[in-house]
Amino acid sequence: MSSTAPVTSSPPPATPPLPFTAALWDMDGTLVDTEPYWMRAETELMAAHGLHWDEELGELMVGNPLLTSAEILRAHGLPLPAEVVVEKLLERVVAQVRAHVPFRPGAAELLADLRAHGIPCALVTMSYRSLAEAVVDACPAGTFASLVTGDEVTHGKPHPEPYLTGAAALGAAPQECVAFEDSPPGLRSAVAAGTQAVAIPHIVDLPEVPEARVVSTLSGLTVTGLAELLRS
């Protein structure tokens, strides 16, 4: 009489835990392509005072706190107080965003996948709350658990304060957060804060930062792919 040993199967390999527990998003140029809106607002404001402005000059503004950008316009002849410059630019850009939110390729899809995986997100932007809320309002409810805006921090990018504040708002250590950025000041801020920075070059070239991963686009990037990128 013969007996057959029971066939046992090996358990499937365990899925490694994600290398991040929270996500921090820059807004202008990373989540949404509002840079053309800013350029239009800057050009119109300068033209109203008989002053020249163009795309090359506009690159000086990318990623800066708004008051810093206002001072750049003033240095090019705009005869208005910095606070008034910011107010006028914001009013014009918010109106454009309310009409149409230009999400960057893959950004909305990655946001949805992060939410499906239970990864909380914070928006960390040097734009002011009025503009950030216009963008957030275009996202599904609950997409962002927190907003960190340029009018609510003491030190703007490239200082680490914005990303440290964003991580704290989500209850995560900076090193547990992935941060998405497209500008040199923002990338320096994210790295200085100790986050796992992912750079997505857009309007301006980014410096080589050994601590950051670089992708050409967020299009097609999933939570799984993001985890593999950060482990590499």
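Which element gives the largest share of the lining of the largest pocket? That share, 5 residues, comes from helix H1. Keep in mind as you explore that this is a predicted model. Below is a friendly tour of the chain as a whole, its largest pocket, its cavity and one pair of packed helices.

**The chain as a whole**

- If you trace the protein chain from end to end, you will meet 9 helices and 6 strands.
- The C-alpha trace spans about 100 × 35 × 30 Å along its principal axes.
- The protein chain has 232 residues, and 50% of them count as buried.
- Take the contacts between residues at least 6 apart in sequence: 64% of these join residues at least 24 apart.

**The largest pocket**

- The volume of the largest pocket is about 370 Å³.
- Its lining is made up of 24 residues, and those nearest the pocket's centre are Glu35, Trp38, Met61, Val62 and Gly63.
- Three helices each give two or more residues to this lining: H1 (35–48), H2 (55–58) and H3 (66–75).
- Sorted by class, the pocket lining holds 9 nonpolar, 7 polar and 8 charged residues.

**The cavity**

- Searching the whole structure turns up 1 cavity of 30 Å³ or more.
- The space inside the largest cavity comes to about 40 Å³.
- To find this cavity in the structure, look for its lining residues: Gly29, Thr30, Arg104, Pro105, Ile200, Thr217 and Leu218.
- In terms of class, 3 of the cavity's lining residues are nonpolar, 3 are polar and 1 is charged.

**How H3 meets H4**

- Two packed helices are described by the distance between their axes and by the angle between those axes.
- For H3 and helix H4 (residues 82–99), the axes come within 9 Å and cross at roughly 105°.
- Why is H3 called roughly perpendicular to H4? Angles of 65 to 115 degrees count as roughly perpendicular, and the crossing angle here is roughly 105°.
- On the H3 side, the contact is made by Leu66, Leu67, Ala70, Glu71, Leu73 and Arg74.
- Facing them from H4 are Ala82, Glu83, Val85, Val86, Leu89 and Leu90.
- By class, this contact between H3 and H4 has 9 nonpolar and 3 charged residues, with no polar ones.
- Helix H3 therefore appears twice in this tour: H3 gives two or more residues to the lining of the largest pocket, and H3 also lies roughly perpendicular to H4.

Notes:
Residues numbered from 1 in each chain as written. Predicted model: local features only at pLDDT ≥ 70, side-chain atom pairs only at ≥ 80, totals over all residues. Heavy atoms only, no water. 1 Å grid on protein atoms, 1.4 Å probe; cavity = no way out; pocket = protein on both sides within 12 Å on 5 of 7 lines; lining within 4 Å. Points joined across faces, edges and corners; volume = space filled by probe spheres on them. Nonpolar A, V, L, I, M, F, W, Y, C, P; charged D, E, K, R; others polar. Helix = DSSP H or I, 4+ residues; strand = E, 2+ residues; numbered from the N terminus. Axes fitted to C-alpha atoms, helices over the stretch in contact; angles between N-to-C directions. Parallel < 35°, antiparallel > 145°, perpendicular 65-115°, else oblique. Contact = heavy atoms within 4.5 Å. Buried < 20%, exposed > 50% of the residue type's maximum accessible area, 1.4 Å probe, protein only.
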